[in-house]
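Trainee: I have a model open and would like to go through its packing and its interface. Can we take it question by question?

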Amino acid sequence: MNKLVKIYFIEQFKLNKICHNPNRKEAIKAILMSMVFILLLGLISFYSFLMFFGLKQMNLAFLIPGFSLISVFALVFILNFFFLMPGFCFNNKEDNMILALPFKMSQIVSARISFIYIISLLLSWLTVIPAFIILLLDSGFNIQSMGYFVLSFFFPLLPLAIAGLIQSLIAKVAGRFKYKNIITIALTLAFLIVYFAFMMNVNQIDEQELLLYIQNMATSIGHKFFLASWLTEALNGDIWGITKFLLVSVGSLIIYIYITSKFYYQLSSDQYVIGKSNKQVKYHTGSIFSALFKKDLKRYFSSSIYVVNTIVGSLLYLVFAISTHFIDLTEIVESMGLMLENNQIIQILPFIGMIFMGLSVTTSASLSIEGKNVWIIKTLPISTWQIYSAKLMVQLVQTLPVCLISAILLMLGLSLPFTSFIWILLLPILMSIFMGLLGLKMNQLFVNYNWKSEAEVVKRGLAMTITLLLGGIVPIALIFFCLLNPSISSLIFYLSCGFVLFVGTLILIPITMNHCF
Amino acid sequence: MLKINHFSKTYPNGKKAVEDCTIHVKPGDLYGFIGHNGAGKTTTLKAVAGILEFDEGEIYVNGHSIQKEALLCKKDFAYIPDNPDIYENLTGIQYLNFIADIFEISEEKRKKEIDYFAEEFEIKNALNDIISSYSHGMKQKLVIISALIHEPKLLILDEPFVGLDPKAALTVKNIMREHCKKGGAVFFSTHVLDVAEKLCNSVAIIKSGKIVVSGSMEEIRGQESLEEVFMEILDNE
């Protein structure tokens, strides 16, 4: 089992690329990327430190264990549910090879879960270590602080088990249907919405209570989240609290390993082969563009990981637009952590649409997703323009209707004038086109055809990460700039922003299309 | 039909995969490219097909440079890789229609070609099935059909017989012969020397990235078998 875990680490972190790469340039690039990644993690850890330090300063240090547990739960669940489990535990191209080796099912599953646990634990330390330091500063080495550190090793177990069980359930249910990818996408999105609703419910009450400085917050967290309550009891020396905490944490993982071991073969192998079709063979003809577009669209919808990862922005935009018909706009924005007046929100609406479009970029993985099939487009007599325009269209068929529907919903819901509707429609559309081209360029620069799991390029790919970061940061910066300069007319903001996006698109077209296949 | 002039390929890690390779394939040639594993066959074929970029030498397909006029070259050839990695989420017929659309083949013509080759390779009944349910051999057959439906002048095949059943292998050999009889050319790699000896009229042997010998089969073989010549080359060079 240890050997499997070791192989997973070498494979997933591409350690050989750093340690045994004869190409020095690539090795240095890999090292630099790792350093940037470590720096980012360091920043997250520093942010946690500041947050816990703030609690200590407010004499609320007793809340730190509960808070850190909730943070770890959220972080580990999202990491596993969204990133690690779909690509690593299932849909892994190595599954058939591993299944053919003389390993017990429980050994394979345990090795994969051990790997995931170690990653989750390391990530949990981003929160746990700062919390531990603050606890030490607050009360020194005592049973509570040491107990917290020891019990923190169990923090990732429950979220890991829940994420894994839900993913197994999705794979099992979806596998029974002909269109299993559509079912997987729908179920994954449904679970994500439930999860966000749950986490928002927990956070919202905490924040309100923090503002009111209510001292019995620990009890409140406990009511909302049983594990945090048991942790607090455990740290106060309650044996029954420790027992409950350990039983649920370890027990959930054992249940997960048992269930997954039982169904691993079904979940991992392509045993749900679609039955032979007796339909008559159809010889449809179409243009080169439509052939490429249909091929790319089918590829997109064939990957639940790809769809779920790139459709979230569009879905959230729709949800946001619909919710304006039922909830007050200031309340919606407040739930996002912003305190703004109604007219300010209306002013930044086009930029909010741009944020959602910045999160809905399919193109930044569209080249890498070709994988080993890339020889096909490389050997066919098709131009880069034809290939790229089809890939861009896959994104636009998803985002353009969303932009239009959301703009109409927002206009009706908020009784906006037609000029506002135009900007709310136009700027997100321009953003989507610009981001689509930028995604293609990024994927050109950081292309990876040799992936083993789609998640490597769709979720963890450098091109996708950079594109999403840019797509999120730029509109947020625009919002702040707009709010901080109320004297400048909105029209000037919109015009400048539209002009920059338009010119940026015009510049990106030749730069991107210059690439040769 | 195909001119490879002083082609060399060095990978980013500094490894020289092919050095100063020169091969000329004329219309009507059934040209075998022979070498041991890692000799540089696939690298050369990929460069010819426009998959690999290279910095030394020139490759011309039907008079067009693969580096400067890639699209014109690609209209004239079809490439079949050693491993049939194709779009697994499409059905067989969707994949063939996709290729036919790219080459702008009329409905009537594609129906005729697909029907004929699908019958020949015995996969007509599987064309409506999703490719992920195909065996390796079935995928290989589908790739071969997709390469033939647009009637390319040059066929570039990398180990075309791997994974095929005996009947399909014979069909491929017959197709290759017919293609050359009609004035087309075939350039294929193999390490099955018997097949090369019986099938090819010209052959080139590559060893550690360098062409050791090339020419007509009679010239190279002389009084010996191709296997003996190949083994001598491996031992002596």
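Mentor: Yes. Keep in mind that this is a predicted model. Start with L127(B): leaving aside neighbours within four places in sequence, its contacts in chain B include T91(B), G92(B), I93(B), L96(B) and I114(B). A118(B), Y134(B) and L142(B) are also on that list.

Trainee: Which residue of chain A is in contact with L127(B)?

Mentor: Set the chain B partners aside, such as Y134(B) and L142(B). What is left on the list is V281(A).

Trainee: Which residues have the most contacts inside the largest nonpolar core?

Mentor: That core has 170 residues. L127(B) is one of those with the most contacts inside it. The others named with it are F351(A), Y95(B), F98(B) and F187(B).

Trainee: Which helix gives the largest share of this core?

Mentor: The share is 13 residues, and it comes from chain A. The helix spans residues 418–445. It is α19.

Trainee: How many residues are in the second, separate core?

Mentor: F52(A), L63(A), I98(A) and I134(A) are among its members. The count for this second core is 49 residues.

Trainee: Now the interface. What area is buried between chain A and chain B?

Mentor: The contact takes 36 residues from chain A and 40 residues from chain B. Carbon and sulfur atoms give 63% of the buried area. The total is about 3400 Å².

Trainee: Which three residues supply the most of the area that chain A buries against chain B?

Mentor: Together they supply 24% of it, more than any other three residues. They are Y283(A), W375(A) and P381(A).

Trainee: How many residue pairs are in polar contact across the interface of chain A and chain B?

Mentor: Salt bridges add nothing here: the count between the chains is zero. For polar contacts, both residues must be at pLDDT 80 or more. The rule then finds 10 residue pairs.

Trainee: Which helix gives the most to the side of chain A that touches chain B?

Mentor: Two helices of chain A, α13 (288–302) and α17 (374–379), each supply at least two residues. By class, that side has 15 nonpolar, 12 polar and nine charged residues. The top contributor, with seven residues, is α13(A).

Trainee: Last, the backbone. Is N62(B) buried or exposed, or partly exposed?

Mentor: N62(B) has a positive phi of about 50° although it is not a glycine. It sits in the loop between β4 (56–61) and β5 (64–65) of chain B. Its relative accessibility is 32%, so N62(B) counts as partly exposed.

Notes
Residues numbered from 1 in each chain as written. Chains lettered and ligands numbered in written order. Predicted model: local features only at pLDDT ≥ 70, side-chain atom pairs only at ≥ 80, totals over all residues. Heavy atoms only, no water. Contact = heavy atoms within 4.5 Å. Buried area = accessible area lost by both parts, 1.4 Å probe. Salt bridge = Lys/Arg side-chain N within 4 Å of Asp/Glu carboxyl O. Polar contact = N/O pair within 3.5 Å; in protein donor to acceptor, adjacent residues only side chain to side chain. Helix = DSSP H or I, 4+ residues; strand = E, 2+ residues; numbered from the N terminus. Nonpolar A, V, L, I, M, F, W, Y, C, P; charged D, E, K, R; others polar. Core = buried A, V, L, I, M, F, W, Y, C linked by side-chain atoms within 4.5 Å. Buried < 20%, exposed > 50% of the residue type's maximum accessible area, 1.4 Å probe, protein only.
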